[in-house]
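Please take me through this model in the viewer, one selection at a time. Say what to pick at each stop and what is found there.

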Amino acid sequence: MDGSVGPMRVLVTGGSGLVGRAIERVVKEGGGREGEKWIFLSSKEANLVSAQETRAAFEKHRPTHVIHLAAMVGGLYRNMRQNLDFWRNNVHINDNVLNMSHEFGVVKVVSCLSTCVFPDKTTYPIDETMMHNGAPHDSNYGYAYAKRMIDVHNRALFQQYGRKYTAVIPTNMFGAHDNYNIEDGHVMPGLIHKTYLAKKEGKPLQVWGSGRALRQFIYSLDLARLFLWVLREYDEVEPIILSVGEEDELTVKDAVDAVVEAFGFEGEVISIRDAAFKQCFFNSSTNFSFFPAVKETCDWFAANYDTARK
Amino acid sequence: MNGSVGPMRVLVTGGSGLVGRAIERVVKKEGEEREGEEWIFLSSKEANLMSAEETRAAFEKHHPTHVIHLAAMVGGLFRNMRQNLDFWRYNVFINDNVLQAAHEFGVVKVVSCLSTCIFPDKTTYPIDETMIHNGPPHESNFGYAFAKRMIDVQNRAYFQQYGLRYTAVIPTNVFGPHDNFNIDDGHVLPGLIHKTYLAKKEGKPLQVWGSGRALRQFIYSLDLARLFLWVLREYDEVEPIILSGTRDVFDIVFLVGNGKADGQFKKTASNAKLRKYLPDFKFTPFRAAVKETCDWFVANYDAARK
């Protein structure tokens, strides 16, 4: 795409997270090209909230390209309590990475947004042009606005300097190396952790909510392959949604069924909606195309339970 | 309002600007200052608020209990169009530095200054305070606009996480003495004032950009200053409040237009919320305010910012 800079030196911020590890694996398994260098940065090496530490990382690695995944993330409940911290820390991280990239002549940055940053009141399906068309959901507006401002920064960089920095917008991700903290409230990793424990302790699986909520899930390895395509080929500044199609939207109950089947869990599954109401899910064996991905993830979790983030 | 901190020590950032000078005049010359209060007018000469360290040093030096935050990187239509990145980044830094220092130093209340130019471009009219985030701003100044909008996001987050009632006002087009009268910047009234002054002095025609049909609500800086004081002392909400004069459509005849941009065609803002709180507030009549401003400009031409 940009032969003038020679082979790419790609710096991946947030390199040790869910998506970073997936990209690392895809690159190792043939996604990387001759002469390319891939550097996976973790927060241990550089605290990107600090401008100085970010600059030091860029000075050390001199990337030509950046995949920017690093962020302060958390599930529903943590966001609700700390909107200020999610706003400020992510604005600092994003400004530091984008600004250093510009200063160091990085040819392209691909940042990572999320469908949770879209307007709360909206028509469906959501598309890329709708991101700024209203306030995000009240539960995580700090995080959501910080992510949206990546798009603002990208457009401003293009307008003032002609740089084509861009972003992707994945839907609900899952895979190995996730953060499986249950309280955080991310759907799939929380489910995986709870089902593992329920099976291990011989207890019922308690699932929050009615199970009727709809989600498009994307496996981290698929997302990683798409990230590489965006890095190499996607030429727009406007972000791009990376998701399975609308026709593959699933309910949370579908996700529960897949995880239950992946673990071979045979106990009771209980939906916690409110204290006065209990509803059982039926164990079905509906054939999902995303089931192999769920199985791989559950197997990984069981094999790596001790060291998995939770 | 908050007797527990004793008399207020008010730090006004951007204190030497259009609004800052108006507040200073209202406080010092028109008797608005109260017993035991201290008012500090900070200018960029004293502290560069884009730097977290310099901001903190200013707060350490002055230890305010209250802040009126006016400092910003501002410019007219044409400069914004060329430098959206700078307007975005620098204003985010300034705002984060001031709000965060205020939080760390236990400031009871911050009143920041937004602008009706940050409202959504595609919208119904009149615009009110609940509509700020309902769509992207005008393309010409999206960097500045988003940076200002994020003051409201940060205010709400301070309230949600710490219970702090930091808030903001949203004035319409401000004018008055001590403005920046730079013609290229494209701020409507100061640019007009400067151009008319020169046209008269040089005996040349007055050339005006645009069609003359764009609609604006103007507010005189001294009226705005009086309202700022009311917001600081009495207005208790986190949600911002629009401060705007009455809706006037100005039937001004322009002699020559040379096709330059109009900017946003209209940005009519609702002052219903203000009127609910202050039904009797009297704005200076537009013509009288313009006359005062022009007289000031003539008297201060050499020193005026332009």
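Start with chain A of this predicted model and colour it by domain. Select 2-172 together with 218-242 for domain 1, then 175-216 together with 246-303 for domain 2. Each of the two domains is thus made of two separate stretches of chain A. Place a marker at the C-alpha centre of each: domain 1 of chain A and domain 2 of chain A have centres 28 Å apart.

Next, keep both domains in view and select the residues where they touch, using heavy atoms within 4.5 Å. The selection holds 16 residues from domain 1 of chain A and 16 from domain 2 of chain A.

Now hide chain A and show chain B as a cartoon. Nine helices and 10 strands can be traced along chain B. Reduced to its C-alpha trace and turned onto its principal axes, chain B extends over about 60 × 40 × 40 Å. The radius of gyration of chain B is 19 Å, in agreement with the value near 19 Å for a compact globule, because the chain has 306 residues.

Colour chain B by accessibility. Of its 306 residues, 57% are buried. Switch to the surface: about 13,400 Å² of chain B is exposed, and 51% of that area comes from carbon and sulfur atoms.

Then display contacts within chain B, keeping pairs at least 6 apart in sequence. Of these contacts, 80% link residues that are at least 24 apart.

Last, select the charged side chains of chain B. There are 38 positive and 35 negative ones, and 5 Å lies between the centres of the two sets.

Definitions and conventions: Residues are numbered from 1 along each chain as its sequence is written. Chains are lettered from A and ligands numbered from 1 in the order in which they are written. This is a predicted model: local features need pLDDT of at least 70, side-chain atom pairs count only at pLDDT 80 or more; totals for chains, interfaces and linings use all residues. Side-chain values use heavy atoms; hydrogens and water are left out. Helices (H or I, at least four residues) and strands (E, at least two) are DSSP runs, numbered from the N terminus. The radius of gyration is taken over C-alpha atoms; the globule rule is 2.2 Å times the number of residues to the power 0.38. Buried means under 20% relative accessible area, exposed over 50%, partly exposed in between (1.4 Å probe, protein chains only). Accessible areas come from the Shrake-Rupley method with a 1.4 Å probe; for residues, only the protein chains shown count as cover. Lys and Arg count as positive and Asp and Glu as negative; His and the chain ends are not counted. The place of a charge is taken as NZ of Lys, CZ of Arg, CG of Asp or CD of Glu. Domain bounds come from an automatic or database domain assignment.
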